[in-house]
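Open the model in your viewer and keep the sequence panel visible. The stops below are given as selections, each followed by what is found there.

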Amino acid sequence: MKIAVSGKGGVGKTTFAALLIRTLDLHGKHVLAIDADPDANLAAALGIEGAERIVPIAEMKEMIFERTEAKPGTMGGFFKLNPKVDDLPEALSARLNNIKLMRLGSVKKGGSGCLCPESTLLRALVTHIVLARDEVVVMDMEAGIEHLGRATARAVDRLVIVVEPGRRSIETAGQIRRLANEIGLKHLSVVGNKIRRNDDEAFLRRNLPDFDFLGFIPYDDTLIEADLGGRSPFDVLTSARERVQEMMGKLGGE
């Protein structure tokens, strides 16, 4: 099972991804968690100790040079377009129970589509993870889903878009769906987060009428306090855990 999670910044995308990953782990699944959002910190949300010390793969200059035979930060020129990456999930993962986590980081020079060693290695790594790995993969992605391409999109079982009651969140969901359609990623679901009352759920259903809703997570100050205190949302007592477990069943995780 390969799941990508996306959504506008601040909607609770990483919280949902962390709850899903920890729930899968609780059920004995081996999970490869991929933090592909430069602005998120999935490791901390999962409760991995020393999360702030995890070096993003895009910043591992010596390793990138070794694998691509080109200096990171350069563009064009000659370098390996298919670098060896199949050993990286084992070698570069932080661990928690049955969870392995990789933090991809971002390419700081030339934009996401640049022809540079960092971008080439990250794309090769994501392709390997999605196409060749036999464990459950959950990817916490930015709204641009930039790490996915046509080759990998067909192998992603589900793109989950996390939304909150608000116009910008809805607009972002539409943009993500357009990007997904462009690369052939057709299996989309929506999770409504920060639901304070029935009107919020009705608002999302009314404004996203042709989206498949996986479920809804109530607004809970406890989740915000957990984030501020550096605790995993899975390790505090909220109804979100039960809601995500129900969604996991719909995703085929049980």
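Over the ring of which residue does the charged end of Arg196 sit? Select Arg196 and Tyr219: the charged end of Arg196 is placed over the Tyr219 ring, 3.7 Å from the ring centre. Bear in mind throughout that this is a predicted model.

**Phe213 and its surroundings**

Select Arg205 and Phe213 next. Arg205 lies over the face of Phe213, with 5.2 Å to the ring centre. Now add Phe216 to the selection. Phe213 and Phe216 form a stacked aromatic pair, with 5.2 Å from centre to centre and 15° between the planes. The structure holds one aromatic pair, so there is no further pair to look for. Phe213 has a relative accessible area of 13% and counts as buried, because the limit is under 20%. Phe216 is buried as well, at 9%.

**The sheet**

Switch to a cartoon view and colour the strands. Eight strands make up an open sheet, ordered S3-S4-S2-S5-S1-S6-S7-S8, with mixed pairing. Strand S3 (94-96) and strand S8 (213-218) are at the edges; each has a single partner strand, so one side of each has no neighbour in the sheet. From one strand to the next, the twist averages 20°.

Select residues 31-36 and 136-141. These are strands S2 and S5, which run parallel and are joined by six bridges. In this pair, Ala36 of the first selection stands opposite Met141 in S5.

**A helix across the strands**

Which strands does helix H7 lie across? Select residues 167-182 for the helix, then strand S1 (2-6), strand S6 (158-163) and strand S7 (188-195): H7 lies across these three. Its direction makes an angle of about 165° with S6.

**The nonpolar cores**

Show side chains for Ile34, Leu148, Leu159, Ile161 and Leu185. They touch the most other members of the largest nonpolar core, which has 44 residues. Helix H5 (residues 117-132) supplies the largest share of this core, seven residues.

Centre the view on Leu159. Beyond its neighbours within four places in sequence, Leu159 is in contact with Ala4, Ser6, Ile145, Ile176, Ala180, Leu185, His187, Leu188 and Ser189.

For the last stop, select Ala43, Ala226, Val236 and Val244. They are among the members of a second, separate core of 39 residues.

Notes: Residues are numbered from 1 along each chain as its sequence is written. This is a predicted model: local features need pLDDT of at least 70, side-chain atom pairs count only at pLDDT 80 or more; totals for chains, interfaces and linings use all residues. Side-chain values use heavy atoms; hydrogens and water are left out. A nonpolar core is a set of buried Ala, Val, Leu, Ile, Met, Phe, Trp, Tyr and Cys residues joined through side-chain atoms within 4.5 Å. Buried means under 20% relative accessible area, exposed over 50%, partly exposed in between (1.4 Å probe, protein chains only). Helices (H or I, at least four residues) and strands (E, at least two) are DSSP runs, numbered from the N terminus. Contact means heavy atoms within 4.5 Å. Two strands pair if DSSP finds at least two bridges between them. Axes are lines fitted to C-alpha atoms, for helices over the stretch in contact, and angles run from 0 to 180 degrees between N-to-C directions. Rings of Phe, Tyr and Trp (its six-membered ring) pair if their centres lie within 6.5 Å; planes under 30 degrees apart count as stacked, over 60 as edge-to-face and the rest as tilted. A charge sits over a ring if NZ of Lys or CZ of Arg is within 6 Å of the ring centre and within 35 degrees of the ring normal.
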